[in-house]
Amino acid sequence: MASSLTVQVRRVRAHPEPLPLPRYETELAAGLDLRADIDEERVLQPLARMAVPTGLALGLPPGYEGQVRPRSGLALRHGITLLNSPGTVDADYRGEVHAVLVNLSNEPFTVRRGDRVAQLVVAPVTSVTLAEVEVLDATARGGSGFGSTGR
């Protein structure tokens with residue numbers, strides 16, 4: 001069974017009909033669905049991008065980050081994804097979370113209030129200390145990069 005972590009969430013604006021808080025849509029889902037907190041429809045034209053507000057600010061505990069990721073159904077069916085994927089919500093950020101959508105299709109896409117536009121995965125973060133060296137440890141791969149391991 002997966003462990004549970006409490007994350008504080010604050011609505012950043014009042015609305016007569018508040019949206020539901022993000023939730024896992026299935027029992028074993030990794031991401032909480034984020035909804036568009038907008039009043040009027042917004043049309044995302046082909047190859048255009050838009051920061052869609054979620055209406056939420058998070059209080060992540062130290063040692064954790066929020067990863068804002070695309071929703072696979074939007075990507076497959078409509079060509080909608082996130083430009084900075086995953087977008088990082090740092091533990092010390094207290095502003096509103098946005099989903100930076102991009103339309104990679106040839107058709108306009110309409111975003112409506114309450115649409116599930118992204119998902120949030122909360123993950124642990126490891127802090128590191130960098131140690132500058134003259135030579136790195138040798139590996140079988142070495143410096144071979146893009147496409148070097150085959151198809």
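Here are four short exercises on this structure, each with a worked solution.

The model is predicted, so local features need pLDDT of at least 70, side-chain atom pairs count only at pLDDT 80 or more, and totals for chains, interfaces and linings use all residues. Residues are numbered from 1 along each chain as its sequence is written, and side-chain values use heavy atoms, with hydrogens and water left out.

**Exercise 1.** Work out the order of the four strands in the open sheet, and find which strands stand at its edges.

*Solution.* Start with two terms: strands are DSSP runs of E with at least two residues, numbered from the N terminus, and two of them pair if DSSP finds at least two bridges between them. The order is then 2-10-5-7, with antiparallel pairing. Next, look at the ends: strand 2 (32-35) and strand 7 (87-89) each have a single partner strand, so one side of each is left without a neighbour in the sheet. Finally, zoom in on one pair: strand 5 (residues 64-69) and strand 10 (residues 116-124) are joined by six bridges, and glutamate 65 has alanine 123 of strand 10 as its bridge partner.

**Exercise 2.** Find which residues UniProt lists for "binding site", then place asparagine 84.

*Solution.* The unreviewed UniProt entry lists Arg71, Ser72, Gly73, Asn84, Thr88, Val89 and Asp90. These residues are spread over 20 residues of sequence and, in space, up to 26.3 Å between C-alpha atoms. Such annotations may be inferred rather than shown by experiment. Now take asparagine 84, which sits in the loop between strand 6 (80-82) and strand 7. Its relative accessible area is 39%, so it counts as partly exposed (between buried, under 20%, and exposed, over 50%, with a 1.4 Å probe and protein chains only).

**Exercise 3.** Locate the cis peptide bond and describe its setting.

*Solution.* In general, most peptide bonds are trans. Here, a cis bond joins serine 85 and proline 86, with omega about -5°. Proline 86 belongs to the loop between strand 6 and strand 7.

**Exercise 4.** Describe the backbone and surroundings of leucine 47: is this residue buried or exposed?

*Solution.* Begin with the backbone: most residues other than glycine have a negative phi. Leucine 47 is not a glycine, yet has a positive phi of about 65°. Then find its place, which is the loop between strand 3 (42-44) and strand 4. Last comes accessibility: at 66% relative accessibility, leucine 47 counts as exposed.
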